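Colleague: Could you choose one part of this structure and take me through it closely? I am new to this, so please explain the terms as you go.

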Amino acid sequence: MNNPNDSLALEHNATEPLKIKIIGVGGAGTNALNNLELNPLCGVGQVQVAAINTDAKALSESRIPEKLVIGRSVTRGLGAGGELEIGKKAAEDDREAIAGLVGEMDLIILVVGLGGGTGSAAASVVAEVAARTEALVLAFATLPFSFEGKRRKDIAEAGIGELRQLVHGLIPLPNDVLLQEGEEDSTVLNAFAVADRWIGCGINSICAMLLKTGLINQDISSLRSVFQDRGGRTIFATGFASGEDYVSAALDELLICPLLHMGDRPAQLDRILVNITGGTDLGIAKVNQVISLVSQRFNSREDIVFGAVIDESRSGMLEICVMGKAGIEARQPIRPAVPTAKTSVAPLGKLGLEAEIAQDDRPPQPVHRSKLRHGDASPEVEQEEFLFVEANAQRGYFEKTDSNFYNGEDLDVPTFMRRGIKIKIKT
Amino acid sequence: MSESRVVGAVEIGTSKVVVLLGEIIDGEGLNIIGHSMSSSYGVKKGVVDDLGVASDSVHAAIMEAEKNAQSRIDEVYLAQTGSHLSGSFNVGTTSVSGPDNIVSETDIFQAKEDAKRRQLPADRAYLHHIQNPFSLDGRKIDNPLSREGRQLQVGYWSVHAESSKVSDSLRVIRGIDLEVTDIIISSIASGAVLLEDSEKESGALVVDIGGGTTDYVLYRGGYIVKTGVVPVGGDHITNDLSIGLRISPGKAEKFKRIHGRAYYESGDREKNVWLTGDPSTSDLTIGDREYPLAAITKIIEARVSEIFEIIKKELEDAELYQPDDIACGVVLTGGSSQLNGIEESVRRVLGLEARVSDGPRDVAPELRHPAYSTALGLLHYALTGQEDRETNPPPNRFLRKIARLFNFD
């Protein structure tokens, strides 16, 4: 690596090592980190791993080095039992301890499973604490299965709404969608394994790109350029392949990554970060092939932040990881469906909703009058509208329409997903 | 001189706008003199979603039908669907007033009014009051006039709608300077023309699976006893395929039409189908993937069986799911009834015999397509009006009420 930029980056790293902390919050978040295999080449020692939970027993069984039990006074270390209020109180009570654990980092990656008590409530407290520091904060959040019921789903929706405002990049991983990955006869546990694998892939891509000497190196400032603003829609996708023609195969995998197909994803991303990890046989021609396809697929308007990492043990295979933020400018409102109807557009700036509304490249929609029945534009009404956004992600074509609830299930979400029927799409 | 008027039957569907022009001569004969079917825009799940866009496509369809017929529409009969439609069964009761316990016209009127007086929330309005049989001291009776008894009861299946949704549909028609004479819900319109009187008598369920909604009507003993709308249709099948197979909605639609089947069978596991069938496509696009047929049929099976499960549940909740009383089984219509294997799905879920309607026999072959059945039903009502005992469309005074209700211009 005789690239002068690389040596500069190395020098910079040598004088002031980059501080990265990965924090698992709640039971599911901790479990995900238990299974995380950090790439040993990406500077072990610089990446700290920590876990926060209300359940002292679960935490003591974890092999994560740094652990924090919160809310002992509330739960006596027994967990939040799925109760949001308990999780919230536990986190609020131990805010100082959380601040101590968060510390002063360059990059913080939160991993949380939403829908339960601790993760859903404490994650936003941790994010809030982290937001007060200089750190760049990213979060991976799994969302419960539809068959777990509406209550957990509602909790997760609320949690994701809060988190999104606090972190620079939020990557939601719906379990319904994750179940679709892997073998046809696999079970619900498989979805957890897929979530863990993807979270691991995302974390490793970021860390390797920042810390490891590669074909193309990136530093924390390029990562910051992708995740400049808080809020907004983050896109995350991975593709992995090995064997013959692994470049095309990995690209195919990337393009059918289910996270890219949860309905009407933005076709255009402002800034994207692409990291590829391959063996010593990964030449510049293959790298170019990946770059051109990825920029074409995401129609990236600005430059791509591109990293390529060489791992000698990975010859004959390729892993591609794409992360990006959707544009956040609003456009001219289209004609509302009922011109004379009483409509209200949520005051965007006040609620910090610009990013939410613009995530689908469509202008703000008037609030349907059915939602205004109980008075004009009360804050609750606007909040409700906002919380629907994440649920909409799985509704595809019906994303913009009124939700379609029947016995607590949204009929616009594909039946096979709600019922956990696995679809094998590879021949 | 014979007197004629031209009725436009308009169905603003989720995927198609259907317009039929019928010339009614002397209030007796009906000639269908023009028709058009075109893609619908700005309509989702049976409800106008974007008024401007929807108006443009409906106006174009009306003008095409008028041009086709070389005639102008005098009045419009409009179909209505959407999940905002809802219904309830209400029973009206009165004591027979005469000293001799003989039922008079007044008693019948009293019982009917009693059934219809249930108030709705301010944002809803009745579309239909559909009369069911009378009962005189507990005995079922079609016409109680001059019969002897003490207590007279009559049941009504009453359908109501969200006023704002209906007014959006009315606005679309008003926008082209036409007046809506009557609004009839899609299921009732379809049912009227697809069933023979004998089938209505023995009991039959008509299920109209459209693009965005599935409308059904249940006939028992010659009466409409229940109607319903499941806000799920062919668009949902396409969307499910698009998400599940990770392909564009256009390609998903194509898959549904060419390879779709309403149920999964184990043989599907061995079969693969091509998305484009064009091997010249670059291998870096998703254009030339091969897909297991099982993926397609499993996705569709989940969705289609859910539609019938919801209908079954709604009939069970109303205590109307008694296969013996639905002796003529299920008659399927609507664009999505063309899906391969749909009858089998009905048999598996509802346990009833099913057939896909091949349209009313007394119309020209090109109008027997399932997409026309609702509009044909509208014309049927335009001709027969309220004389039809069994189906009992809303009387005219009620229509004036609607017209007033939605008259905000």
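Modeller: Happy to! Let's start from the outside: chain B has an accessible surface of about 16600 Å², and carbon and sulfur atoms account for 46% of that. Such areas are calculated by the Shrake-Rupley method with a 1.4 Å probe, and for residues only the protein chains shown count as cover. This is a predicted model, where local features need pLDDT of at least 70 and side-chain atom pairs count only at pLDDT 80 or more, while totals for chains, interfaces and linings use all residues. Residues are numbered from 1 along each chain as its sequence is written, chains are lettered from A and ligands numbered from 1 in the order in which they are written, and side-chain values use heavy atoms, leaving out hydrogens and water.

Of the 409 residues in chain B, 60% are buried, meaning under 20% relative accessible area (exposed is over 50%, partly exposed in between; 1.4 Å probe, protein chains only). The chain contains 11 helices and 18 strands. These are DSSP runs numbered from the N terminus: helices are H or I with at least four residues, strands are E with at least two.

Now for the close look, at one sheet of chain B. Its five strands follow the order E14-E13-E12-E17-E18, making an open sheet with mixed pairing. Two strands pair if DSSP finds at least two bridges between them. In general, strands of a sheet pair through backbone hydrogen bonds, either parallel or antiparallel.

Which strands of chain B stand at the edges? They are E14 (223-230) and E18 (354-356); each has a single partner strand, so one side of each lacks a neighbour in the sheet. From one strand to the next, the twist averages 20°. The angles here run from 0 to 180 degrees between N-to-C directions, using axes fitted to C-alpha atoms, for helices over the stretch in contact.

Let's zoom in on one pair. E17 (residues 330-333) of chain B runs parallel to E18(B), and three bridges join them. B:Val330 has B:Ala354 in E18(B) as its bridge partner.

Two helices lie across this sheet. Helix H8 (residues 293-317) of chain B crosses E12 (204-209), E13 (214-220), E14 and E17, at about 40° to E13(B). Helix H9 (residues 342-350) of chain B lies across E12, E17 and E18, at about 155° to E18(B). Contact here means heavy atoms within 4.5 Å.
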